[in-house]
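Student: I have a structure open and want to walk through it. Can we take it piece by piece?
Tutor: Yes, go ahead.

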Amino acid sequence: ESRESREVRTTVRSSAGADGSWERVEAVLDVAKGKPTEVCIELHPRSERPADLQVGSVQLAYCPFKPADKPPPVAAFVRRVGSQLQQAGAPFVFLGADLWYGVQLAAAGAPAADRPRLLRELDRLRAMGVRVLRVLAASEGDGSDGGRTIRPTLQPRAGEFDSRHLLGLDFLVSQAAARNLSLLLTLNNFWPWSGGFTQYLKWAGRLTDRTQEGGTARGDRDASASYSALFYLNEEAMAMADRTAAAIVTRTNAFTGTPYTHEPAILGYELCDGPLAMHSPEAYASWARRAAGKLRLLDSQHLITLGSAGRGVIPSVDHLDLRAEQLDDAIDFATVQLWPHEWGWAAAPAVSLAGSTLAPPNGATDRLDAVLQNASAYLQAHVKLLVSAKHQERPLVLSAFGYPAESPSLRDEFFRRLLTLASQAIKKKNHGALVGSIFHGWAGEGRPRRARWGEGDSLTGDPPADVQGLYSIYDTDGSTIDVLRQHALALRAHA
């Protein structure tokens, strides 16, 4: 116990090594005033045998994990070759999972941290045939605005980085490498639930706390998107985001000693989650060229993608042609997302980029048919846009897709039929071909306690701004997991 809140730095020595050598571990303890503190220190002993530890009156818990100090076989970087991705000369096609909260679980000492759970989730996903994990690498803000935002974050105040989260990212990268998993790291967020654009604008003095309270209802979403798009017009906000990206990309992993720029377990970087041009298409394209160019100067090895959800998300304003997003040579592949229920596809005819009009759905089966017709037309339209830009050929990745969990059988059928379309597109290997799909959102063993996330709650596939459990796929959802596993097996024939 301590008389005041303070940070204690201590060194623990353990003779757990099989050869009797000493291991040196440094831990930073945030000791709350007048409260006994329980800490968890992960060791990297040469033996996996637990060690007995004692530091004064502080209780230490041993947390076993899969050691990463034995480097995995050196993997080749994934490269773009025309409209395909390749690794060591072979096609790189994949099933991916959105594990946005991976860094939060890995950030030892933070309230939401749970490294043993993280390792179990990585093992489950690998066993399913998942090859790529999409992870939120950067988050901003102190959570004091009253909005539905994740907390704590990587950057609670402008320019101040939480070492727990940086080390958590290192840990995640090292453990993904040990399992031959690839990471697509997201560096910013158009939506306010992790800080992102609106938090940078707030730090730049452009927005107030109220403008960070975005929701998921269409009216709230449109208003939030309009606020976020001001980011493209604010030099100070963009400069802060550039510095955050640089801090991550130029980092050296504390667990492996490998610079991020030399780490093949990192598939690449997503500049932002779902950026929309809104009413500023020229400023949007300028920001995309700027951010991608700065990142490419720092890292010449990894893939870079913008992270766009595609055309038509907010049809009345988001009129930017997909080709404009490819103007910078630093962008390696295009992305598209599918959120049928968020976009109203199941309730009324959607605006089709292919020019077709669908009949309003009646029952559940008709509704699913309408959703899938829209999904097929939407994907095909984006492929056509890439094909029409032959001098700028790019692969296409379905970077996020989900279906509400309230009807598991409908979700399974949606996943099955959508992934069949994806598999057929991957098999064609034509210009603008689809090369991978990333499903949303893996909750694994996480379970929501209430409809809205609060600090101390388990992390699930649904971000804080969303209804908890809405899209989550749990480790007990056997039929959905089987659909995903079968798709992963089918992809092996195309690799």
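Student: Which strands does helix 3 lie across?
Tutor: This is a predicted model. In it, helix 3 (residues 163-178) lies across strand 9 (132-136), strand 10 (182-186) and strand 11. Helix 3 runs at about 155° to strand 10.

Student: And what does helix 9 lie across?
Tutor: Helix 9 (residues 408-428) lies across strand 13, strand 14 (396-401) and strand 15 (434-439). The angle of helix 9 to strand 15 is about 160°.

Student: In what order do the eight strands of the open sheet come?
Tutor: The order is 12-11-10-9-8-15-14-13, and the pairing is parallel. Strand 12 (303-305) and strand 13 (334-338) are the edge strands, each pairing on one side only. From one strand to the next, the twist averages 25°.

Student: How many bridges hold strand 12 to strand 11?
Tutor: Three bridges, in the parallel sense, with strand 11 covering residues 266-270. Gly268 is the residue opposite Leu303 of strand 12.

Student: What about the other edge, how many bridges join strand 13 to strand 14?
Tutor: Five, and the two strands run parallel. Gln337 stands opposite Ala400 in strand 14.

Student: Is strand 13 mostly covered or mostly open?
Tutor: Mostly covered: five of its five residues are buried. Ala334, Val336 and Leu338 point one way, Thr335 and Gln337 point the other way, and all are buried.

Student: Why the alternation?
Tutor: In a regular strand, side chains alternate between the two faces of the sheet.

Student: Back to the sheet order. What does strand 8 pair with on the strand 15 side, and over how many bridges?
Tutor: Strand 8 is joined to strand 15 by four bridges, and the two run parallel. The bridge partner of Phe94 in strand 15 is Gly436.

Student: And how many bridges link strand 8 and strand 9?
Tutor: Three, again in the parallel sense. There, Asp98 stands opposite Arg134 in strand 9.

Student: Which residues of strand 8 point which way?
Tutor: Phe94, Gly96 and Asp98 point one way, and Leu95 and Ala97 the other. Strand 8 (residues 94-98) is mostly covered, with five of its five residues buried.

Student: New topic: helix packing. At what angle do helix 9 and helix 10 pack?
Tutor: About 10°, with the axes 9 Å apart. Helix 10 covers residues 478-492. Helix 9 and helix 10 are therefore roughly parallel to each other, as the angle is under 35 degrees.

Student: Which residues meet there?
Tutor: From helix 9, the contact includes Arg411, Asp412, Phe415 and Arg416, as well as Leu419, Ala422, Ser423 and Ile426. From helix 10 come Ser479, Thr480, Val483, Leu484, His487, Ala490 and Leu491. By class, that contact has eight nonpolar, four polar and three charged residues.

Student: Now the loops. Where is Asn188?
Tutor: Asn188 is in the loop between strand 10 and helix 4.

Student: Buried or exposed?
Tutor: Buried: its relative accessible area is 4%, and the cut-off is under 20%. Among the residues Asn188 touches are Gly196, Phe197 and Tyr200, along with Phe231, Glu270 and Asp273.

Student: How covered is helix 4 itself?
Tutor: Mostly: helix 4 (residues 196-203) has six of its eight residues buried. The buried ones are Gly196, Phe197, Thr198, Gln199, Tyr200 and Leu201. Gly205 follows helix 4 and has a positive phi, near 80°.

Student: Which residue in the loop between helix 3 and strand 10 should I check for backbone angles?
Tutor: Asn180 is found in that loop. Its phi is near 60°, a positive value in a residue other than glycine. Asn180 counts as exposed, at 58% relative accessibility.

Student: What is the phi of Met278?
Tutor: About 55°, so to speak on the positive side, although Met278 is not a glycine. Met278 is in the loop between strand 11 and helix 7 (281-298). It is buried, with a relative accessible area of 3%.

Student: Last one. Which residues does the cis peptide bond with omega about -5° before Pro152 join?
Tutor: Arg151 and Pro152. Pro152 sits in the loop between strand 9 and helix 3. Another cis peptide bond joins His440 and Gly441, with omega about -5°. Gly441 is in the loop between strand 15 and strand 16 (442-444).

How values were computed:
Residues numbered from 1 in each chain as written. Predicted model: local features only at pLDDT ≥ 70, side-chain atom pairs only at ≥ 80, totals over all residues. Heavy atoms only, no water. Pairing = 2+ DSSP bridges. Axes fitted to C-alpha atoms, helices over the stretch in contact; angles between N-to-C directions. Contact = heavy atoms within 4.5 Å. Buried < 20%, exposed > 50% of the residue type's maximum accessible area, 1.4 Å probe, protein only. Parallel < 35°, antiparallel > 145°, perpendicular 65-115°, else oblique. Nonpolar A, V, L, I, M, F, W, Y, C, P; charged D, E, K, R; others polar. Lists of a residue's contacts leave out its neighbours within four places in sequence.
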